[in-house]
Amino acid sequence: QAKLQIQDLVVQYNTKEHSTVALNNVNLSIKEGEFVSVVGPSGCGKSTLLKVASGLLKPAAGEALLDGKRIDGVTGEVGMVFQNDALLPWKTVFDNVRLPLEIKGFSRSEQTNEVRRLLGMVGLADFEHYYPKQLSGGMRKRVALARTFAYDPELYLMDEPFGPLDAQTRVKIGEEFLKIWEQVGKSVLFITHDIEEAIALSDRVVVMTSRPGKIKAEFDVTLERP
Ligand code: ADP
Ligand code: ADP
């Protein structure tokens with residue numbers, strides 16, 4: 001059984017002026033532990049696909065299933081990382097990463113141990129008392145990744161997570177993420193406009209085209225991974 005199964009998905013945005021078919025009959029299946037990237041031009045429906053998988057958006061037709069169950073609204077089983085790192089500026093690095101653990105009902109000492117383990121994993125062990133604004137863009141991104149790992153979701157949805165970083169930092173963080181992800185081994189749906197990044201990180205690259213948004217091709221790139 002697939003971890004994420006997207007079947008005959010159709011999504012339409014209706015505004016006063018006109019309606020846009022953002023996705024037209026999209027089928028996509030992601031196995032347990034598989035890392036799938038979606039690439040394609042701006043406007044081809046990549047973000048829309050993620051919104052459906054996250055439960056934020058209801059399709060006009062078709063469905064998205066997580067472990068065989070229809071995705072209906074936002075749940076803790078799906079973790080999202082966006083371009084904007086969305087850290088809470090008034091909380092320290094430690095507390096930003098701790099929050100999901102508190103919500104999940106970890107004890108105080110479990111929270112502390114887990115936060116330190118996760119910050120160690122992303123190379124920020126010495127920065128737990130810092131506030132987000134005291135960190136570089138790359139460091140903030142790593143805090144956001146640690147926080148997502150703290151949720152420990154069944155499925156990671158990532159929308160251009162390394163988008164605002166410069167090319168060099170992007171490659172570095174991408175490699176770091178891949179190393180951590182290989183230990184966690186959960187399914188990932190990853191959106192990027194950078195085909196090289198997609199090939200470097202993924203098991204499979206899905207190419208979309210626009211007007212209306214659909215899947216044009218899929219490539220198995222498992223062997224290309226360093
Ligand atoms: P991508 O992430 O690949 O750039 P999107 O999923 O954001 O593509 O958009 C797909 C299509 O849907 C585009 O034509 C876009 O203009 C349209 N669209 C996206 N969001 C909305 C919205 N909230 N209202 C109307 N149209 C939208
Ligand atoms: P940017 O997106 O700004 O390039 P980086 O993550 O590459 O972000 O970090 C920029 C600078 O921040 C580094 O050159 C270094 O001085 C400092 N830095 C980043 N991570 C660490 C770390 N784990 N330990 C110490 N300093 C760090």
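**Surroundings of the two ligands**

In this predicted model, the shell around ligand 1 is made up of four nonpolar residues, six polar residues and one charged residue. Going through the shell by name, one meets Tyr13, Thr20, Ala22 and Pro41, followed by the run Ser42, Gly43, Cys44, Gly45, Lys46, Ser47 and Thr48. The charged member of this group is Lys46, because Lys counts as charged.

Several polar atoms of the protein come up to oxygen atoms of ligand 1. With its side chain, Thr48 places a polar atom 2.5 Å from a ligand 1 oxygen. Lys46 likewise uses a polar side-chain atom, at 2.9 Å from an oxygen atom of ligand 1. Cys44 takes part through its backbone: a polar atom there is 3.2 Å from an oxygen atom of the ligand. On its own, ligand 1 has 550 Å² of accessible area, and the protein covers 62% of it. Two elements give two or more residues to this shell, namely strand 2, spanning residues 19-30, and helix 1, spanning residues 46-54. Of the elements, helix 1 contributes the most, with three residues.

It is helpful to look at the second ligand in the same order. Around ligand 2 stand Gly123, Phe127, Ser136, Gly137, Gly138, Met139, Arg142, Asp166, Thr169 and Lys172. Sorted by class, these residues comprise two nonpolar, five polar and three charged ones. Arg142, Asp166 and Lys172 are the charged residues here, because Arg, Asp and Lys all belong to that class. Phe127 and Met139 make up the nonpolar part, since Phe and Met count as nonpolar.

Polar atoms of the protein also reach the oxygen atoms of ligand 2. The side chain of Ser136 has a polar atom 2.8 Å from one such oxygen. For Arg142, a polar side-chain atom is found 2.8 Å from an oxygen atom of ligand 2. At Gly138 the contact is made by the backbone, with a polar atom 2.8 Å from a ligand 2 oxygen. When taken alone, ligand 2 exposes 550 Å², of which the protein buries 52%.

Helices frame this second shell. Helix 4, covering residues 137-151, and helix 5, covering residues 167-184, each supply at least two of its residues. Helix 4 provides the largest share, four residues, and both Gly138 and Arg142, already met through their polar atoms, lie within the span of that helix.

Definitions and conventions:
Residues numbered from 1 in each chain as written. Chains lettered and ligands numbered in written order. Predicted model: local features only at pLDDT ≥ 70, side-chain atom pairs only at ≥ 80, totals over all residues. Heavy atoms only, no water. Near = heavy atom within 4 Å. Polar contact = N/O pair within 3.5 Å; in protein donor to acceptor, adjacent residues only side chain to side chain. Areas by Shrake-Rupley, 256 points an atom, 1.4 Å probe, with all protein chains shown as cover.
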